[in-house]
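Please open the structure in your viewer and keep the selection tool at hand. The tour below goes from stop to stop, saying what to select and what is there.

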Amino acid sequence: MEDLYREIILDHYENPRNYGELPDADISYEDDNPLCGDRIRMDLKVQDGRIVDVRFSGKGCAISQASASMLTERIKGATVEEARRLTREDILEMLGIPLGPARIKCALLSLKVLKAGLYGLPKIDWDELG
Amino acid sequence: MKSVGLRTELNVERIRADFPILHQAIHGKPLVFLDSAASSQKPIPVIEAMNEYYRTTHANVHRGVYQLSEQATALYEEARRKIAAFIGAASPKEIIFTRNTTEAINLVAYAWARPFLREGDEILLTEMEHHSNLVPWFLVAQEKGLRIRYIPITDEGRLRLDLLDTLITERTRLVAVTMMSNVLGTINPLRPIIEKAHAVGAMVLIDGAQGVPHIPVNVQELGGDFLAFSGHKMCGPTGIGVLWGRRELLEAMPPFLGGGDMIRRVTLEGAEWNELPYKFEAGTPAIAEAIGLGVAVDYLSRIGLEAIHHHEQMLVTYAMERLSEFPGIRIVGPPPAERGGVVAFVMDRVHPHDIATILDREGICIRAGHHCAMPLHERLGLTATARASFYLYNTIEEVDRLIEGLEIVRKTFHRAG
Ligand SMILES: Cc1ncc(COP(=O)(O)O)c(C=O)c1O
């Protein structure tokens, strides 16, 4: 079990970083994975092309919540361009756990939310995440 | 405080020998398969019958004048007769092969509700239905201006039968209800529903996807009008399901799909429908699968549905006893005496998907999610549950393995500090 539910995953699940909402967000986006009921919202504050603040909120499994929490740490202070360039591989590397096809969407939901928000798209498909 | 006599009438060891798939390791642990409500495993006789059919007898049915085709047709029709006998149908003509429960319900929605119901007519469903007994009705209701109403459930997961008299009115044309909930496990009392529906001239469709594989059914004694079920949940193959309907109703209905086999005669001006059941079986059917389902029905009948049901109730009683002692676990649904072999639950601070993933690493297959019953989960105030379901091949030891697995889940998530 250690491989999947590593300490760092559980820690982010139980003590999510940057959790909450930004009332004065420049970008807000929310999406869910109806299959498991995971739901994630991201609020971003952007200044001069840089993400100066970020919050996420939502409910779901340990993988989806830890992934969102870690992603907020990763993009805080990054430029919008840098954040847009994140790929599924970046997320999987960041989590550092082996994920089967059934759980990969849990891991990628936060990236899906982030990218749709950053590109201002109404919706983004799983296979368009990059 | 073990209130259960852990007795079974089944020779489970012998039954397990018939299911090759059960004898393997997953992630290095002996497989414990607790997801038969989603799809059951298949015994050797079913696998062999389909194999044998393809090796020796396959040809298209109902068309060839040569021996092979006649033999294939005979096997296909024999399967239909077996299934008719299995559910106590008055005639094999009332057995329509479909792909699954979903297609069977859609057949009724499109070939009965759509032509026969009028704007303002009401369809009564329940809060515990599977999406396949909801969405087909949404589609016709939208097109025809029908009103859909629901029999609510109690917090324990029972149907509010006390409300039937206000819910069933002269406007009610159809009541569509599941025999057994795939989440709560509740076995619904169908008789009072059928009686009240028939009293106002409404038809009753029974979703037998969870019921028919596990509980003895006799449609003539039960008295409903349509019954839908899937082969793959009752030891048969995927790709084959059944719609049973009362003959007069089926006779009066127009076809569902058009094509070969479902017509008696085609001219350029039109077509004359074939007789039952072929009117509803357009195109080349799932021949091997029908034959496989016939053998599955033989297999289940030989063991006995009553004994299977008792075995599952023994397992679910034991499982619920163990789960209710487990810290932080909450079971949804009624007490064991009112259910089949299904138990869904949630655990404090752990998402059902994480439970299922950790159990998978222990070789234990359970299902996590909304189990295609989102409105029910909404009613329960949950987005997802974890569900273990049992069949004739499951054992007490497997329930113990489940509990041990849940112990690992708890330790993983509820670490000190
Ligand atoms: C109660 C109920 N109805 C309908 C279905 C749909 O069955 P199928 O997917 O075989 O059409 C299921 C399957 O999960 C079910 O549990």
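A salt bridge is a side-chain nitrogen of Lys or Arg within 4 Å of a carboxyl oxygen of Asp or Glu. With that in mind, select Asp354(B) and Arg103(A), which form a salt bridge whose closest N and O atoms are 3.0 Å apart.

This is a predicted model, in which local features need pLDDT of at least 70 and side-chain atom pairs count only at pLDDT 80 or more, while totals for chains, interfaces and linings use all residues. Residues are numbered from 1 along each chain as its sequence is written, chains are lettered from A and ligands numbered from 1 in the order in which they are written, and side-chain values use heavy atoms, with hydrogens and water left out.

Next, show chain A and chain B together: 20 residues of chain A are in contact (heavy atoms within 4.5 Å) with 17 residues of chain B. Across this interface the rule finds one salt bridge.

Now move to helix α10 of chain B, residues 287-303, where helices are DSSP runs of H or I with at least four residues, numbered from the N terminus. Of the 17 residues of α10(B), 13 are buried (under 20% relative accessible area, 1.4 Å probe, protein chains only), so the helix is largely enclosed by the rest of the structure. Just after α10(B), select Gly304(B), which takes a positive phi of about 105 degrees.

Finally, select Leu139(B), which lies in helix α5 of chain B. Leu139(B) is partly exposed (between 20% and 50%), with a relative accessible area of 40%.

Methods:
Helices (H or I, at least four residues) and strands (E, at least two) are DSSP runs, numbered from the N terminus. The expected span of a helix is 1.5 Å times one less than its number of residues.
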